[in-house]
Amino acid sequence: SADILNKYKLKVKTFFYQWNSFALSSLASNCDLAIIPLKRNKFILGKPENKLILLWKLGLPVFTSYSDAYFLTMKKAKVDMICEDKKDWVNSLLSFSNSTQAHRTKISNNLINFANKNYKKECLIKKWSLLFESIL
């Protein structure tokens, strides 16, 4: 990811860090987007959408590699920010870096609204309750 950003001289300030949920909110307030590159292996099959939703709730659009959970969640949110290969990463990041602040704000607001509506505590409790009822 760093190589792509440097090679194409994207007009965004970049900062790379290892995932740390305690530092996330302070870091996120200084960012325009998040990037979640995933290595394709059997472990991403069960990867939940938690990190994606958390970043959306903080107002960050997220470009990510494919995982079933990320794909399905983005489909429900009506956004396409999955990058399948190097060409997708380059095109997506270039497009985002060239977009207007108004466009970025609109995306952020849509994602915040989606995450807050569909992943609030009451919704999650209802989903888990229905799941448990269906197997009991």
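Where is the place of Ser108? Ser108 lies in helix α6. This is a predicted model. In it, Ser108 is buried, at a relative accessible area of 12%. Leaving aside residues up to four places away in sequence, Ser108 touches Gly59 and Pro61.

Now step back to the overall layout. The protein has seven helices and three strands. Along the sequence they follow the pattern α-α-β-α-β-α-β-α-α-α. There are 136 residues, and 33% of them count as buried. Take the contacts between residues at least 6 apart in sequence: 59% of these join residues at least 24 apart.

Helix α4 is a good place to look at burial. It spans residues 68-77. Which residues of α4 are buried? They are Ala69, Tyr70, Thr73, Met74 and Ala77. These residues cover an arc of only 125 degrees around the axis, so they sit on the same side of α4. The face turned away from that buried side carries Lys75 and Lys76, both exposed. Several elements help to cover the buried residues of α4. Among them are the strands β1, β2 (62-65) and β3. Helices α3 and α6 also belong to this cover. After α4 comes Lys78, with a positive phi near 60 degrees.

The packing of α3 on α4 can be described further. Two packed helices are described by the angle between their axes and the distance between the axes. Helix α3 covers residues 50-57. Its axis comes within 9 Å of the axis of α4, and the two cross at roughly 35 degrees. From α3, the contact is made by Lys51, Leu52, Ile53 and Trp56. From α4, Tyr70, Thr73, Met74 and Ala77 take part. By class, the contact has six nonpolar residues, one polar and one charged. Tyr70, Thr73, Met74 and Ala77 also appear among the buried residues of α4.

Next come the charged pairs. How many salt bridges does the structure hold? It holds two. In one of them, the side chains of Asp32 and Arg104 meet at 3.5 Å, N to O. This pair links distant parts of the chain, 72 residues apart. Asp32 is in the loop between α2 (24-28) and β1 (34-36), while Arg104 is in helix α6 (residues 101-118). Are the two partners buried or exposed? Asp32 counts as partly exposed, because its relative accessibility is 37%. Arg104 has 11% and therefore counts as buried. Helix α6 is also the place of Ser108.

The other bridge joins the side chains of Glu84 and Arg40, at 2.7 Å, N to O. This pair, too, links distant parts of the chain, with the two positions 44 residues apart in numbering. Glu84 is in the loop between β3 (82-83) and α5 (86-98). Arg40 is in the loop between β1 and α3. Glu84 is partly exposed, with a relative accessible area of 42%. Arg40 is exposed, at 58%.

Last, the cysteines. How many disulfides does the structure hold? It holds zero. Cys31 is partly exposed, with a relative accessible area of 33%. Cys83 is buried, at 2%.

Methods: Residues numbered from 1 in each chain as written. Predicted model: local features only at pLDDT ≥ 70, side-chain atom pairs only at ≥ 80, totals over all residues. Heavy atoms only, no water. Axes fitted to C-alpha atoms, helices over the stretch in contact; angles between N-to-C directions. Helix = DSSP H or I, 4+ residues; strand = E, 2+ residues; numbered from the N terminus. Contact = heavy atoms within 4.5 Å. Nonpolar A, V, L, I, M, F, W, Y, C, P; charged D, E, K, R; others polar. Salt bridge = Lys/Arg side-chain N within 4 Å of Asp/Glu carboxyl O. Buried < 20%, exposed > 50% of the residue type's maximum accessible area, 1.4 Å probe, protein only. Arc of directions from axis to C-beta. Disulfide = S-S within 2.5 Å.
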